[in-house]
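Open the model in your viewer and keep the sequence panel beside it. The stops below each begin with a selection and then say what is there.

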Amino acid sequence: MSKKVEVKDKILSKNQKIADELRELFARKKILTVNFVSSPGSGKTSILEKILPDLSKKYKICVIEGDLETENDAERIRKAGIDAYQITTGGACHLEAFGIKKALSNFDIDNIDLLVIENVGNLVCPASFDLGEDFKIVVISTPEGEDKPAKYPSMIRVSDVIVINKIDLAEYMEFDVNKCLEYARKINPRLVEFKTSCKTGEGLKELAEFIDKKIIEKNADTGC
Ligand code: MG
Ligand code: ZN
């Protein structure tokens, strides 16, 4: 095994240990945790701005934002009335479980129903770093090209939900939605699919209802 591979394995196994602890903590506290992953600019923050205010009428929600620099996304989420904490990675292209564990100290974790993690925009290494989440939602937007799932199969494989965002632009971008979904299904047939537009509102209610259902399931879970 090369030195480089050894170092990477070591980092990942250290991350996994903390992620396992977090998953156990989230189970005990009955916190549904969702990890949003995508390329930069796919519209993750816009989706959250649209769906979280309604969910927050029923549930206590916290958001952890990950970016290389700036507090911009956390500020946008706060403006939407939701508690948010920004992790600036200072160059690292993904969030790690350790960062999530540290960020949690900013919230009253005895009083959270839904924790949303918006990962750094990157479809590569966030696939390898478990954050203790219940599931990942991968967002692909129509200006990106319909073969994104084929190009980034690892991310598709580890996700449970795929959101095709900016669906209102599909026609202009000559983005074949069905072709994109076919690529994705071939890699991961379990994916739950949503098509959304933050401009027209299409699909956002359905996505919010899905998360709502998952929060209810998490609370019914006995943790055994
Ligand atoms: Mg964002
Ligand atoms: Zn990375």
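Helices and strands in this tour are DSSP runs, a helix having at least four residues and a strand at least two, and they are numbered from the N terminus. The model is predicted.

**Stop 1: the largest pocket**

Select α4, residues 97-103. This helix gives the largest share of the lining of the largest pocket, four residues. Now add β3, residues 83-88; β3 and α4 are the elements that give two or more residues to that lining. To show the full lining, select Y85, I87, T89, A92, H94, L95, E96, F98, G99, K102, A103 and N106. The space inside is about 220 Å³. What is the division of the lining into nonpolar, polar and charged residues? Six are nonpolar, four are polar and two are charged.

**Stop 2: the zinc ion**

Keep H94 from the pocket lining and add the zinc ion, ligand 2. Which atoms coordinate the zinc ion? They are SG of C93, ND1 of H94 and SG of C125, at 2.0 to 2.2 Å. Read along the chain, these donors follow the spacing C-H-x30-C. Colour by accessibility and compare the two neighbours: C93 is partly exposed at 33% relative accessibility, whereas H94 is buried at 12%.

**Stop 3: the magnesium ion**

Move to ligand 1, the magnesium ion. Its protein donors are OG1 of T45, an OD atom of D73 and an OE atom of E118, lying 2.1 Å from the ion. Their spacing in sequence is T-x27-D-x44-E. Select helix α2 (residues 44-55) to find T45 and helix α3 (residues 72-79) to find D73; the two residues are 28 apart, and the pair links distant parts of the chain. Are T45 and D73 buried or exposed? Both are buried.

**Stop 4: the aromatic cluster**

Select F135, F194 and F210, which ring pairs link into a cluster. The structure holds two aromatic pairs. In one of them, F135 and F210 have ring centres 5.8 Å apart and planes at 75 degrees, so the pair is edge-to-face. F135 is in strand β5 (residues 135-141) and F210 is in helix α8 (residues 204-220), so this contact ties together parts 75 residues apart in sequence. F194 and F210 also form an edge-to-face pair, at 5.5 Å centre to centre and with 65 degrees between the planes. Here F194 comes from strand β7 (residues 192-195) and F210 from helix α8, so the parts tied together are 16 residues apart in sequence. Check the burial of the rings' residues next. F135 and F210 are both buried, with F210 at a relative accessible area of 11%. F194 is buried too, at 10% relative accessibility.

**Stop 5: two cysteines and the missing disulfide**

Select C180 and C198 and draw a distance between their sulfur atoms. Why is there no bond from C180 to C198? The closest cysteine sulfur to that of C180 is in C198, and it is 17 Å away, too far for a bond; a disulfide needs sulfur atoms within 2.5 Å. The search from the other end gives C180 as the closest partner of C198, again at 17 Å. The structure holds zero disulfides. C180 is buried at 0% relative accessibility, and C198 counts as buried at 18%, because the cut-off for buried is under 20%.

**Stop 6: helix α1 and two positive phi values**

Select helix α1, residues 3-29, and pick out E24 in it. E24 is partly exposed, with a relative accessible area of 44%. A distance drawn from the C-alpha atom of E24 to that of K14, 10 residues apart along the chain, reads 16 Å.

Go on to K30, in the loop between α1 and β1 (32-38). Most residues other than glycine have a negative phi. Phi of K30 is near 55 degrees, a positive value, and K30 is partly exposed at 25% relative accessibility.

For the last selection, take E174 in the loop between β6 (161-165) and α7 (177-187). Phi of E174 is positive as well, near 50 degrees. E174 is exposed, with 72% relative accessibility.

Definitions and conventions: Residues are numbered from 1 along each chain as its sequence is written. Chains are lettered from A and ligands numbered from 1 in the order in which they are written. This is a predicted model: local features need pLDDT of at least 70, side-chain atom pairs count only at pLDDT 80 or more; totals for chains, interfaces and linings use all residues. Side-chain values use heavy atoms; hydrogens and water are left out. On a 1 Å grid over the protein atoms alone, a cavity is a set of points where a 1.4 Å probe fits but cannot get out, and a pocket is an open set with protein on both sides within 12 Å along at least five of seven lines; lining residues have an atom within 4 Å of a point. Grid points are joined across faces, edges and corners, and a volume is the space filled by probe spheres set on the points. Ala, Val, Leu, Ile, Met, Phe, Trp, Tyr, Cys and Pro count as nonpolar, Asp, Glu, Lys and Arg as charged, and the others, Gly among them, as polar. Buried means under 20% relative accessible area, exposed over 50%, partly exposed in between (1.4 Å probe, protein chains only). Donors are N, O and S atoms within 2.8 Å of the metal (3.2 Å for Na, K and Ca); water is not among the atoms, so sites may look incomplete. Rings of Phe, Tyr and Trp (its six-membered ring) pair if their centres lie within 6.5 Å; planes under 30 degrees apart count as stacked, over 60 as edge-to-face and the rest as tilted.
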